[in-house]
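Please open the structure in your viewer and keep the selection panel at hand. The tour goes from one sheet to the other, with a stop at a pair of helices and another at the cysteines.

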Amino acid sequence: KGYHVAVVGATGAVGQKMLETLEKKNFPIESITLLSSSRSAGTKINFKGEEYVVQEATPESFEGIHIALFSAGGSVSKKLAPEAVKRGAVVIDNTSAYRMDPEVPLVVPEVNEEDLKKHNGIIANPNCSTIQMVAALKPLQDAYGLSRIIVSTYQAVSGAGTVASEELRNQARDMLDGKEANAEILPVKGDKKHFPIAFNALPQIDVFQENGYTFEEMKMINETKKIMHAPELHVSATCVRLPIVTSHAESVYIELNQDGLEVANLHKVLQSAEGVVLEDNPSEQVYPTPLSAANKSDVFIGRVRKDLDNPKGFHLWVVSDNLLKGAAWNSVQIAESLIKNNLL
Ligand code: 11C
C-alpha cells in the first residue's frame, strides 16, 4: 500500500523539511527509516504522531528500502548512495556529489521530468538557487527561446544549515545589544576567514574556484545548462548571502530569441506555467519577498520588466523557499513522479 522510505540526514535543516513535506503531501509511506551520521544518531524525531530514534546510516540500513532521500552532505552520498542502490533502493540525492555525472539525471520535475526515465538508481536534486531559476525560466525558454541569463542572488542563511541560521540570530542579538558579533560559520564553514552576516551582505557562497567564481555560482551555471538541455546557453551568476532566514531571491536578466515581446506576453506564459506563481503589479506594490514566499512550495515571480536597451532583454525577480522547492519539496516531487511513471 505504500513505500519503505529512508531519510538520510534526518536531523538537518533539509531533512526536517523532507519529513514535514512527506507528511503534508500525504506521500504513500509504508515505513520510514530515519538515518544520520554517528554524531546525530540517537536523536528522537516525531513523524506522523510517532516518535522515531534516528539511527547511524550504514550500508545495511538500506535493506528493503524503496526510496532513499539523501541530504547529509556530499561525502555521505558518495559513500552510501551506491550501497543503497546495490540493495534495490532508488536514491534521490540532495547534495552536489552526482549532479554533473552524465549518467545521473538532474531533475526539476516541471522542467525535465522526462530525464527520470534514464536513471540508473541515483537521481540528483539540483542546488536550491538553480531550481527556482530554471522553474521560472523554462516556460519562457519553451515559448520564446532563451540565449542568455545573468543572475544575482540574495540568499538566505538556512542554505548553509541550521548552524548558520543560529549564527545570524546570535549576531543580530549581540549587535543590537552593542556587543561584538562572533563569526565562526559564514561565509563558508571550512574556509580561512569568517565574517558577520547580521546587518551585512557577503558576496561569497561556498568556496572560490580557480576562475574567480564561487562553487555556488558555478553550480548555478553548470546545473542550469544540464537541466535546460542547453549547453550553448550563456549563463553568469553572482551569489550573495543576506541576513534572511528563509527563501532565496534572485534578480534575473534574460535575453530571449524573439524581438518585439512585451511584459504582457511573458505574464501570459508565466500565469499558465506549472509550479510558478506570478505576483506582479507595480501599481499596487505587488511582488514576492522572502517572507511572503517562506513555507510555500511554489516559485514566485514579480517585477517583470523590459530591458531599456536590448529589445530581447527582460528582468525578473524570482523568490522561493530554499528548503522547500529548493530542496525537500523538489525531492519529494521527484519521488512522486517516479511512482506515477512506474520508474522505481
Ligand atoms: C546555499 N545553495 O544557499 C546553498 C545550499 O549544493 O545543495 C545548497 C548546497 C547544495 O548555501
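What follows is a list of selections, each with a description of what is there.

This is a predicted model, in which local features need pLDDT of at least 70 and side-chain atom pairs count only at pLDDT 80 or more, while totals for chains, interfaces and linings use all residues. Residues are numbered from 1 along each chain as its sequence is written, and side-chain values use heavy atoms, with hydrogens and water left out.

Begin with the six strands of an open sheet, ordered β5-β2-β1-β6-β7-β8 with parallel pairing; strands are DSSP runs of E of at least two residues and helices are runs of H or I of at least four, numbered from the N terminus, and two strands pair if DSSP finds at least two bridges between them. At the edges stand β5 (55-56) and β8 (122-124), each with a single partner strand, so one side of each is left without a neighbour in the sheet. Within this sheet, select β6 (residues 67-70) and β7 (residues 90-93), which run parallel and are joined by four bridges; Ala68 has Val91 in β7 as its bridge partner.

Next select helix α1 (residues 13-24), which lies across β1 (3-8), β2 (29-36) and β6 and runs at about 155 degrees to β1, where axes are lines fitted to C-alpha atoms, for helices over the stretch in contact, and angles run from 0 to 180 degrees between N-to-C directions. Contact here means heavy atoms within 4.5 Å. Helix α2 (residues 74-86) lies across β1, β6, β7 and β8, at about 175 degrees to β6.

Keep α1 and add helix α9 (residues 324-340): the two pack at an angle of about 50 degrees, with their axes 9 Å apart. Among the residues that meet are Met18 and Leu22 in α1, and Ala328 and Trp329 in α9.

Now move to another open sheet of six strands, ordered β10-β9-β11-β14-β13-β12 with mixed pairing. Its edge strands, β10 (234-238) and β12 (276-278), each pair on one side only. Select β11 (residues 248-256) and β14 (residues 313-320), which pair in the antiparallel sense over eight bridges, with Val318 in β14 as the bridge partner of Glu250. Helix α7 (residues 263-271) lies across β11, β12, β13 and β14, at about 165 degrees to β13.

Finally, select Cys128 and Cys239. The structure holds zero disulfides, a disulfide being a pair of cysteine sulfur atoms within 2.5 Å; the sulfur of Cys239 is 9.3 Å from the closest cysteine sulfur, in Cys128, too far for a bond.
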